[in-house]
Amino acid sequence: MSTMNISLPESLKTFVDEQVDQRGYGTSSEYVRELIRRDQDRVRLRGLLLAGAASASAGEADGAYFDDLRQRVRRANPADAKQ
């Protein structure tokens with residue numbers, strides 16, 4: 001694993017230390033890694049949303065579309081079909 005040193009103003013260091021204590025992280029490094037992973041997920045999701053918005057329309061999402069989608073989900077997840 002690589003090491004990275006960062007400088008923080010005292011107020012941010014205090015905040016990180018509080019988050020580590022209150023949220024059950026073992027170290028400040030664990031907390032920062034979690035923040036970076038969440039940001040990676042956000043960037044990926046944003047990319048997918050932008051790609052979807054730029055793509056051609058697949059058709060109208062009307063009641064029949066959602067009925068068919070529900071049926072496909074129920075077939076794929078029989079345990080969820082009871083809900």
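1. Relative accessible area sorts residues into three classes, with buried meaning under 20%, exposed over 50% and partly exposed in between (1.4 Å probe, protein chains only). By this scale arginine 37 is partly exposed, with a relative accessible area of 41%. The model discussed here is predicted, so local features need pLDDT of at least 70 and side-chain atom pairs count only at pLDDT 80 or more, whereas totals for chains, interfaces and linings use all residues. Residues are numbered from 1 along each chain as its sequence is written, and side-chain values use heavy atoms, with hydrogens and water left out.

2. On confidence, where pLDDT is the predictor's confidence in each residue, from 0 to 100, the protein chain has a mean of 93, and 95% of its residues reach 70 or more. Among the elements of the chain, the highest mean pLDDT belongs to α1 (98) and the lowest to helix α3, residues 63-76 (94). Helices are DSSP runs of H or I with at least four residues, strands are runs of E with at least two, and both are numbered from the N terminus.

3. Seven salt bridges are found in a search of the whole structure, the criterion being a side-chain nitrogen of Lys or Arg within 4 Å of a carboxyl oxygen of Asp or Glu. One of them links aspartate 17 to lysine 13, with the closest N and O atoms 2.8 Å apart; these two residues lie four residues apart in helix α1 and are therefore separated by about one helical turn. Both ends are partly exposed, aspartate 17 at 31% relative accessibility and lysine 13 at 40%.

4. Helix α2 (residues 28-54) holds arginine 37 and glutamate 34, which are three residues apart and so about one helical turn from each other. Their salt bridge has its closest N and O atoms 4.0 Å apart, and glutamate 34 is partly exposed at 24% relative accessibility. In the same helix, arginine 44 and aspartate 41 are likewise three residues apart, about one helical turn, and their side chains meet in a salt bridge at 2.9 Å, N to O. Here arginine 44 counts as partly exposed at 49%, as does aspartate 41 at 46%. Salt bridges with shared partners also join Glu34, Arg37 and Arg38 into one network.

5. Which aromatic rings pair in this model? There are two aromatic pairs, given that rings of Phe, Tyr and Trp (its six-membered ring) pair if their centres lie within 6.5 Å, with planes under 30 degrees apart counted as stacked, over 60 as edge-to-face and the rest as tilted. The rings of tyrosine 25 and tyrosine 31 have centres 5.3 Å apart and planes at 70°, so this pair is edge-to-face. Tyrosine 65 and phenylalanine 66 form the other edge-to-face pair, at 5.1 Å centre to centre and 85° between the planes.

6. The burial of these rings deserves a separate remark. Tyrosine 25 is buried at 18% relative accessible area and tyrosine 31 is buried at 5%, whereas tyrosine 65 is partly exposed at 39% and phenylalanine 66 is partly exposed at 36%.

7. Glutamine 19, found in helix α1, counts as buried at 11% relative accessibility. Leaving aside neighbours within four places in sequence, glutamine 19 is in contact (heavy atoms within 4.5 Å) with Gly24, Tyr25 and Tyr31.
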